[in-house]
Amino acid sequence: MNSKPGINQYGYIVFDKEVTLEDYRTFDSRFDKDEIIYLAEAAAEDYYSINKGWKDNYSISIEVYAPYGEQLGIFNVKYELSPYFIIENINLN
């Protein structure tokens with residue numbers, strides 16, 4: 001359990017291969033376990049940015065756990081890529 005006030009440590013497992021105990025990852029969140037959709041999104045963001053999830057082919061399944069190991073749910077995660085364009089005028093005249 002995290003010692004920071006108002007912050008809980010949750011866990012998750014990504015089902016992208018045969019799962020072992022070493023695949024259990026943790027993340028800190030201010031969300032309560034009743035805010036499970038937000039926790040699932042936070043787990044997906046943690047996996048993508050910290051645990052090399054950017055290498056995976058999406059969609060993936062994530063199982064989210066409460067601080068003391070209670071399973072909160074299994075979620076399908078899809079990655080949306082929104083392109084961002086920067087336009088510069090290069091008038092050649």
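In this predicted model, strand β3 (residues 60-65) pairs with strand β4 (residues 71-77) in the antiparallel sense, with 6 bridges between the two. Within this pairing, I62 stands opposite F75 of β4. The two strands make up a hairpin in which 5 residues lie between them. A detail of the turn is worth a pause: G69 has a positive phi there, of about 90 degrees.

Strand β3 also has a partner in strand β1 (residues 8-14), again in the antiparallel sense, here over 4 bridges. One pairing can be named residue by residue, with Y12 having V64 of β3 as its bridge partner. Of the 6 residues of β3, 5 are buried, so the strand is largely enclosed by the rest of the structure.

Against that background, E63 invites a closer look. This residue of β3 is buried, yet it has no salt bridge. Where, then, is the nearest side chain of opposite charge? It belongs to R25, 11 Å away, whereas the cut-off for a salt bridge is 4 Å between a side-chain nitrogen of Lys or Arg and a carboxyl oxygen of Asp or Glu. What the E63 side chain does have is a polar contact of 2.3 Å with the side chain of Q71, a residue of β4.

The surroundings of E63 draw on both neighbouring strands. Leaving aside residues up to four places away in sequence, E63 touches G11, Y12, I13, F15, Q71, G73 and I74. Among them, G11, Y12 and I13 fall within β1, while Q71, G73 and I74 fall within β4.

Notes
Residues are numbered from 1 along each chain as its sequence is written. This is a predicted model: local features need pLDDT of at least 70, side-chain atom pairs count only at pLDDT 80 or more; totals for chains, interfaces and linings use all residues. Side-chain values use heavy atoms; hydrogens and water are left out. Buried means under 20% relative accessible area, exposed over 50%, partly exposed in between (1.4 Å probe, protein chains only). Lys and Arg count as positive and Asp and Glu as negative; His and the chain ends are not counted. A polar contact is a pair of N or O atoms within 3.5 Å; within protein, one must be able to donate a hydrogen and the other to accept it, and residues adjacent in sequence count only if both atoms are side-chain atoms. Contact means heavy atoms within 4.5 Å. Two strands pair if DSSP finds at least two bridges between them.
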